[in-house]
Amino acid sequence: MSRLILYVHDVSRLKTFYLTSFSFKVREEIEGEWVVLDAGAVELAFHRVGVQYRERQPSEHSHSNSKIVLSIRSGLLELRNKLLAEGAPMRNVKRYEGFPYLMCDGEDPEGNVFQLMEMD
């Protein structure tokens, strides 16, 4: 897989969130309509929703059946606290027995679920 595209209402807002929160870099962009971010092994792209969907606002809480997993080398607790301080909805840090990593779920400004994952 080389790219994940999410259809969103506010491309600029999500671009800013992911650049600020995770230090991704912009690969290509059509202002307000399309942006591709370098997110490591897979590019993360935001495409503005079609005209027929623009009047609908994204729901406050996600009902998505997908999750973006972001592997980080260290500092999961600090990053979680930073995101909380900036108003991002974040869940508790958890670990499952037998799995060598910490994880924590959160939501971006449009309710897309992401997970921070830090290997031991």
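How much area does the protein chain expose, and what share of it do carbon and sulfur atoms supply? In this predicted model, the exposed area comes to about 7600 Å², with carbon and sulfur atoms supplying 50% of it. Of the 120 residues, 37% count as buried. The charges can be summarised just as briefly: the mean positions of the 15 positive and 18 negative charges are 1 Å apart.

Turning to the fold, the protein chain holds 2 helices and 7 strands, arranged from the N terminus in the order β-α-β-β-β-β-α-β-β. The radius of gyration is 15 Å, close to the 14 Å that the globule rule gives for 120 residues, so the chain is as compact as a globular protein of that length. Along the principal axes, the C-alpha atoms fill a box of roughly 45 × 30 × 25 Å. Among contacts between residues at least 6 apart in sequence, 52% join residues at least 24 apart.

Helix α2 rewards a closer look. Spanning residues 76–85, this helix has Leu76, Leu79, Arg80 and Leu83 buried. Viewed down the axis of α2, its buried residues fall within an arc of 100 degrees, so they line one face of the helix. An α-helix has 3.6 residues a turn, so residues three or four places apart point the same way. The buried residues of α2 pack against helix α1 (11–22) and against strands β5 (68–72), β6 (101–107) and β7 (113–119). Glu78 and Ala85, on the other side of α2, are exposed. Just after the helix, Gly87 adopts a positive phi of about 95 degrees.

Note on methods. Residues numbered from 1 in each chain as written. Predicted model: local features only at pLDDT ≥ 70, side-chain atom pairs only at ≥ 80, totals over all residues. Heavy atoms only, no water. Helix = DSSP H or I, 4+ residues; strand = E, 2+ residues; numbered from the N terminus. Rg over C-alpha atoms; globule rule 2.2 N^0.38 Å. Buried < 20%, exposed > 50% of the residue type's maximum accessible area, 1.4 Å probe, protein only. Contact = heavy atoms within 4.5 Å. Areas by Shrake-Rupley, 256 points an atom, 1.4 Å probe, with all protein chains shown as cover. Lys, Arg positive; Asp, Glu negative; His and termini not counted. Charge placed at Lys NZ, Arg CZ, Asp CG, Glu CD. Arc of directions from axis to C-beta.
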